[in-house]
Amino acid sequence: IQSMRRQVYPHWELCIADDASTEPGVKKLIQSHQAGDARIKVIFRVQNGHISAASNSALRLAQGEFVALLDHDDR
């Protein structure tokens, strides 16, 4: 999230699909970033669907002309 927020190009949109994370604090962390930046859109999946379902959920949020898929450890 921080890597996206540091981008020079200002017209990006970050669409996050939390794939039913069981890690404590993840939801709160994502929500705090979302509250601080209107370009961040989030869906919290109730059932783990793995990479395909999570990607499709995030893609449904996207409104831009171009899309790049990123994993949690990409920069």
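A residue counts as partly exposed when its relative accessible area falls between the buried limit, under 20%, and the exposed limit, over 50%. In this predicted model, Glu-13 has a relative accessibility of 28%, so it belongs in that partly exposed class.

Glu-13 is also a good place to start on the salt bridges, of which the count comes to 4. Its partner is Lys-41, and the closest N and O atoms of the two sit 2.7 Å apart. Glu-13 is found in the loop that runs between helix H1 (2-5) and strand S1 (14-18), while Lys-41 belongs to strand S2 (residues 40-44), so this pair ties together parts of the chain that are 28 residues apart in sequence.

Another pair brings together Asp-19 and Arg-45, whose side chains meet in a salt bridge at 2.7 Å from N to O. This one, too, links distant parts of the chain: Asp-19 is in the loop between S1 and helix H2 (26-36), Arg-45 is in the loop between S2 and helix H3 (50-61), and 26 residues separate them. As for exposure, Asp-19 comes out at 16% relative accessibility and so counts as buried. Arg-45 is buried as well, with a relative accessible area of 19%.

Then there is Asp-37, whose side chain meets that of Arg-39 in a salt bridge, with 2.9 Å from N to O. Arg-5 comes into the picture here: salt bridges with shared partners join Arg-5, Asp-37 and Arg-39 into one network. Within this network, Asp-37 is buried, its relative accessible area being 9%, whereas Arg-39, at 27% relative accessibility, counts as partly exposed.

Definitions and conventions: Residues are numbered from 1 along each chain as its sequence is written. This is a predicted model: local features need pLDDT of at least 70, side-chain atom pairs count only at pLDDT 80 or more; totals for chains, interfaces and linings use all residues. Side-chain values use heavy atoms; hydrogens and water are left out. Helices (H or I, at least four residues) and strands (E, at least two) are DSSP runs, numbered from the N terminus. Buried means under 20% relative accessible area, exposed over 50%, partly exposed in between (1.4 Å probe, protein chains only).
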